[in-house]
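Thanks, everyone. Please take a moment with the sequence and the model on the screen before I start, and stop me if a label is hard to find.

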Amino acid sequence: MTTLNTKAVSAKVTNVNVNETEWVIKGTCTSLPAEITYRKIKKYSTAKVVHSGNADHQFVVDTIEWNVVKPKKEKAGKVSFVCRIPLESLYLHKVTPHINNWEIYVILSDGKEDEEAEARLYAPAADKLYMEKLYYGDRAFLKAYKTPKGYLNITRREAWNEDTLKDMPVKVVDIERSGDIYRLTGMGNRKILSDVPAPFSSGILLKKRGRVLNKSLKVNWLNDYFWQADWVSSEPSFSGGFGTSTFISKQISGGFIGSV
């Protein structure tokens, strides 16, 4: 394929959602090459998913819907799309044992191999890639994320190694203070913990920097995605200096930890 004016083509995601069967990605394309005929885009254009570490591993997205508005006089044309990526495809195309990151491209075509242009999808604002937009199944999770260069990627990560949790995305999104009490609000995915083979408790482990001193905070799950934990800062051992926090869940036989 000969790519036309690749730098001129831009494809930006406007919305990302995931359900039990597929990722649904909506977006728009701008700065189309003059060689691409608007009326042929709907018939010939498609999308593809490419492995970030090995471009030899890629697959075409069969289900993509196009909406094309032709340019008129001084009004520019508009091309939007809805791309549906089956979860099964991302699970089956496993290239490395633990982490597999996937890039997404739209391919604008005029029906001729020498008249095609591809554009990698730019991610929406980071705050739109909420933790709810994470799918967990078969002891692995799929999550959309924004790369340092602003592109949209989907990562597939193994959550478990036999009975030990290897990876669980969690983060603190808000800290409120009322007197000596700090309330931490965070995001995670409680469904991942459903594969714990024995009764468990989850919480936050505070570690005082430079000292062997830990403090466990019980986590209250508000729903499957948000949790809260309270910390009393007036406790003498934690009244000054710096500390780090870690999300921890304990099993009867041991424990596992994920970073916050």
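I will go from the chain as a whole to one sheet, and then to the salt bridges.

Please keep in mind throughout that this is a predicted model. The chain has 260 residues, of which 45% are buried, and its secondary structure comes to two helices and 21 strands. If we take the contacts with a separation of 6 or more, residues 24 or more positions apart account for 62% of them. The chain exposes about 14,200 Å², and carbon and sulfur atoms supply 48% of that area.

Let me now turn to one sheet. It is an open sheet of four strands, paired antiparallel, and the order across it is S14-S15-S19-S18. Strand S14, residues 171-178, and strand S18, residues 220-221, stand at the edges with a single partner strand each, so one side of each has no neighbour in the sheet. Between S14 and strand S15, which covers residues 181-187, there are seven bridges, and the two strands run antiparallel. If you would like one pair to look for, Val172 has Gly186 in S15 as its bridge partner.

Now to the salt bridges, of which the count comes to eight. Which parts of the chain does the pair of Asp230 and Arg183 link? Asp230 is in strand S19, residues 226-232, and Arg183 is in strand S15, so the pair links distant parts of the chain, 47 residues apart. Their side chains meet at 2.8 Å, N to O, and both residues count as partly exposed, Asp230 at 35% relative accessibility and Arg183 at 36%.

A second pair is Arg190 and Asp224, whose side chains meet at 3.3 Å, N to O. Arg190 lies in the loop between S15 and strand S16 (201-208), while Asp224 lies in the loop between S18 and S19, 34 residues apart. Arg190, at 34% relative accessibility, is partly exposed, and Asp224 is partly exposed as well, at 29%.

A third pair joins Asp167 to Arg157, with the closest N and O atoms 3.1 Å apart. Asp167 sits in the loop between strand S13 (164-165) and S14, and Arg157 in strand S11 (residues 152-158), so this pair ties together parts that are ten residues apart in sequence. Here Asp167 counts as buried, at 15% relative accessibility, whereas Arg157, at 25%, counts as partly exposed.

Finally, Glu22, Glu65 and Arg84 are joined into one network by salt bridges that share partners.

Definitions and conventions:
Residues numbered from 1 in each chain as written. Predicted model: local features only at pLDDT ≥ 70, side-chain atom pairs only at ≥ 80, totals over all residues. Heavy atoms only, no water. Buried < 20%, exposed > 50% of the residue type's maximum accessible area, 1.4 Å probe, protein only. Contact = heavy atoms within 4.5 Å. Areas by Shrake-Rupley, 256 points an atom, 1.4 Å probe, with all protein chains shown as cover. Pairing = 2+ DSSP bridges. Salt bridge = Lys/Arg side-chain N within 4 Å of Asp/Glu carboxyl O.
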